Amino acid sequence: MSSELHNGYMDLHSMLDSEKVVHELLLRPPAKEVDDHLIEFSEAMRTVAKALRRVAEGKATAQAEAAEWKRKYELERARNLQREHTEPLSLDCDSEVDRTKCTNNQSVPRHLPSEKPEKCCGKHGICSHEVLRNGETDSNSNNAPNRFRRKASFRLSWGCNGSGQHKHDIVSFERGNITTAERSSKQISLKWESPPQTVLILAKPNSVPVQLLCAEMVRWLTDQKKIEIFVEPRVRTELLTESSYFSFVQSWEDDEEISLLHTKVDLVVTLGGDGTVLWAASMFKGPVPPVVPFSLGSLGFMTSFQCEQYRECLDSILRGPISITLRHRLQCHVVRDAAKDDSDTEEPILVLNEVTIDRGMSSYLTNLECYCDSSFVTCVQGDGLIISTTSGSTAYSLAAGGSMVHPQVPGILFTPICPHSLSFRPLILPEYVTLRVQVPFNSRGHAWASFDGKDRKKLAAGDALVISMAPWPVPTACQVDSTNDFLRSIHEGLHWNLRKNQSFDGPHDS
């Protein structure tokens, strides 16, 4: 009997344990819900970790920026203290008219007693080939319909906000140590000393939007700013066809009048793309007035202004001061084999982008002997050679594998075109050298030279092309400054280094 009771007790206990287990199973949440909660919790923790990491990175970036600004402030403060304790360096400029002392803040002489133009020494800063008379007019100028107006004078200075030093390097060799002070400063500023009175407008041909904008701009400059307008003969004909109102617009008739444009024009406005800027530069064989390029073309590496805001842009430029980029040009001379020496050359050609020597229609490799001053450089065997300015570094030279160079850098690019050599890399040479590219007598074919994409000239065996930096740069107005405009042009025009950003998720350094 006792064994039966014991067995019954054990069976009852087992049943109660089974019911407890079933009850616990009923109360326990399903495994799927547990997994969902764990996933949500892990995602929340990952989000919190990301936020904490971003806060830490932002704090580190802010500290780094603060340290950099403090370093710049201390450096600028030290420079200012050094300038206060240093006497300004005086430099002598010899000329045919007068001998003056050039200080850091001296402007170009304007009032000259002699009738002969002053020839600048060209040693310090940017000196034009001649200094125009200011305020002198012909006695019969009131009776002439196209009388000469007084040139607007301005001053170039190297430094921020128009205050700075000459472009030359200041070298010190005290106590046997050679040191250089701050070189040409960050930006060149142009400040009008008398208001501009004459504007030359150059418009891209065969474009209806450009014609409409040109007519509107002429009206605005004449009515609102009281400025005299010069245009090309073609543009003047188009304006007169539209309305007889534009009869006051002036133009020219021959090449001799074109050669005198720099004595009449205070400012040049281009409506088009980079090709219009090249055309404007080619019109001036000597000094070039400041150029304001409006973008109405394709890429526009040199056209930084938008036509929609032309009133605000021109109003600001006419008031001044403005930031400018001095775009260097190359001066090219063709020396024929029959010439007595290198001085016996054809008329020089100025280029703003590049001069290209190629094989033309010949199927043979181009064979070119290249010299830098009196040193032999190399013999080019390939499709040709590009000699480019830094402004032209984003044009043909870039397509041939050359580097992109800031236009304010004074240098000459030496870029081969499809060379038959694995080791022929492009060069960047200093601006003071003279290059000579000659077709040797054992060349199988002729070579052809083109200047900014036009004016092709044949180079036979024995002919040479002599290239040097021209003394007359092209000053183009900047929207912000030369560096900002350059970086924006390669970002927007070439999409330079544009790629999708790397995802933040993934493995990190511990």
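**View 1. F294 of strand β10 has F305 of strand β11 as its bridge partner.** The model shown here and in the other views is predicted. Strand β11 covers residues 305-306 and pairs with β10 in the parallel sense. Two bridges hold this pairing.

**View 2. Strand β10, residues 291-295, is largely enclosed by the rest of the structure, because five of its five residues are buried.** Buried here stands for under 20% relative accessible area. On one side of the strand lie V291, P293 and S295, and on the other V292 and F294. Both faces of β10 are thus covered.

**View 3. Strands β9 and β10 run parallel and are joined by five bridges.** Strand β9 spans residues 267-272. Within this pairing, T270 stands opposite P293 of β10. Between the two strands the chain passes through helix α6, residues 274-283, in a β-α-β crossover that is right-handed.

**View 4. Helix α3 runs from residue 208 to residue 225 and has 18 residues.** From its first C-alpha to its last, α3 reaches 25 Å, close to the 26 Å expected at 1.5 Å a residue. The residue that follows the helix, K226, has a positive phi, near 55°.

**View 5. The buried residues of helix α3 include V210, L213, C214, A215 and M217.** V218, W220, L221 and T222 of α3 are also buried. An α-helix has 3.6 residues a turn, so residues three or four places apart point the same way. Among the elements that cover the buried residues of α3 are the strands β7 (198-203), β8 (228-231), β9 and β10. Helices α4 (233-242) and α7 (310-319) also belong to this cover.

**View 6. Helices α3 and α4 pack at an angle of about 80°.** Their axes are 11 Å apart. At this angle α3 is roughly perpendicular to α4, since angles of 65 to 115 degrees count as such. On the α3 side, the residues that meet α4 are Q211, C214, A215 and V218. Their counterparts in α4 are V235, E238, L239 and E242. Of the α3 residues in this contact, C214, A215 and V218 are buried.

**View 7. The whole chain, for orientation, has nine helices and 24 strands.** Of its 510 residues, 38% count as buried. Among contacts between residues at least 6 apart in sequence, 65% join residues at least 24 apart.

Methods
Residues are numbered from 1 along each chain as its sequence is written. This is a predicted model: local features need pLDDT of at least 70, side-chain atom pairs count only at pLDDT 80 or more; totals for chains, interfaces and linings use all residues. Side-chain values use heavy atoms; hydrogens and water are left out. Buried means under 20% relative accessible area, exposed over 50%, partly exposed in between (1.4 Å probe, protein chains only). Helices (H or I, at least four residues) and strands (E, at least two) are DSSP runs, numbered from the N terminus. Two strands pair if DSSP finds at least two bridges between them. A crossover is right-handed if, with the strands pointing away from the viewer, the path from the first strand over the helix to the second runs clockwise. The expected span of a helix is 1.5 Å times one less than its number of residues. Contact means heavy atoms within 4.5 Å. Axes are lines fitted to C-alpha atoms, for helices over the stretch in contact, and angles run from 0 to 180 degrees between N-to-C directions. Angles under 35 degrees count as roughly parallel, over 145 as roughly antiparallel, 65 to 115 as roughly perpendicular and the rest as oblique.
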